[in-house]
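This report describes the packing, the main pocket and selected residues of one protein model. The sequence and the structure are shown first.

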Amino acid sequence: MDINQLTVSGKVMKVTKTGNSNGTKMVLGTLGIYRGKNKETNQPEFDNLPFVAYGAVSEYIQQSIKMLLSGKINVYTRQDGSQYGQRVVQMQVLVAYPIAMPDKPTIKEHPSTGLDMNSLDEAVDQINIKNSDLPF
């Protein structure tokens, strides 16, 4: 059992797709994790967790999608010119699953006829079918 293991769910907020020096696909991003409601304001609160994903896993991560991410915590010191540098904590994603997909776009035209879908819906609503119209 690996102690450095993390599984979280939330909405992928910001994604920057890049590649590293050896051509490996890489995604950097931030996951918004729901913390609960603020007791004073009753507004939802979120924690933002930075993440990185390499290779095939990076292809599954999409911005504005609710996802379940599983991986490990990476901690390193980035040299920023200060005496001690800046400590960076991020999740290295090893597994990514979409939880919810974005809403499908509204179809405005019928794909085969090109007619306006709203007018088709109105026309169908006006059709009255009687039992005598049915073949059975």
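In this predicted model, the largest nonpolar core comprises 16 residues, and those with the most contacts inside it are Phe51, Ile61, Leu69 and Val93. Strands β1, β2, β3, β4 and β5 each give two or more residues to this core. In soluble globular proteins, nonpolar side chains tend to be buried together.

The surroundings of Ile61 illustrate this packing. Apart from neighbours within four places in sequence, Ile61 is in contact with Val12, Val15, Lys17, Val27, Phe51, Ala53, Met67, Leu69, Val93 and Ala96. Phe51, Leu69 and Val93, which are in contact with Ile61, are also among the residues with the most contacts inside the core.

The largest pocket is considered next. Its space amounts to about 160 Å³. The residues lining this pocket are Lys14, Thr16, Leu28, Gly29, Thr30, Pro50, Phe51, Tyr76, Arg78, Val88 and Gln90. Two or more lining residues come from each of β1 (6-19), β2 (25-37), β3 (44-54), β4 (66-78) and β5 (86-100). Strand β2 provides the largest share, 3 residues. Classified by type, the lining has 5 nonpolar, 4 polar and 2 charged residues. Phe51 belongs to this lining and is also named among the residues with the most contacts inside the largest nonpolar core.

Is Ser70, a residue of strand β4, buried or exposed? Ser70 counts as buried because its relative accessibility is 17%, under the 20% limit for that class. The side chain of Ser70 forms a polar contact of 3.1 Å with that of Thr7. Not counting residues up to four places away in sequence, Ser70 touches Leu6, Thr7, Met91, Gln92, Val93, Leu94 and Val95. Val93 therefore appears both in this list and among the residues with the most contacts inside the core.

Backbone geometry completes the account. Most residues other than glycine have a negative phi. Two residues with positive phi values are tabulated below.

| Residue | Phi | Location |
|---|---|---|
| Asn42 | about 65° | loop between β2 and β3 |
| Ser64 | near 65° | loop between β3 and β4 |

Neither Asn42 nor Ser64 is a glycine. Ser64 counts as partly exposed because its relative accessibility is 45%, a value between the 20% and 50% limits.

Technical notes: Residues are numbered from 1 along each chain as its sequence is written. This is a predicted model: local features need pLDDT of at least 70, side-chain atom pairs count only at pLDDT 80 or more; totals for chains, interfaces and linings use all residues. Side-chain values use heavy atoms; hydrogens and water are left out. On a 1 Å grid over the protein atoms alone, a cavity is a set of points where a 1.4 Å probe fits but cannot get out, and a pocket is an open set with protein on both sides within 12 Å along at least five of seven lines; lining residues have an atom within 4 Å of a point. Grid points are joined across faces, edges and corners, and a volume is the space filled by probe spheres set on the points. Helices (H or I, at least four residues) and strands (E, at least two) are DSSP runs, numbered from the N terminus. Ala, Val, Leu, Ile, Met, Phe, Trp, Tyr, Cys and Pro count as nonpolar, Asp, Glu, Lys and Arg as charged, and the others, Gly among them, as polar. Buried means under 20% relative accessible area, exposed over 50%, partly exposed in between (1.4 Å probe, protein chains only). A polar contact is a pair of N or O atoms within 3.5 Å; within protein, one must be able to donate a hydrogen and the other to accept it, and residues adjacent in sequence count only if both atoms are side-chain atoms. Contact means heavy atoms within 4.5 Å. A nonpolar core is a set of buried Ala, Val, Leu, Ile, Met, Phe, Trp, Tyr and Cys residues joined through side-chain atoms within 4.5 Å.
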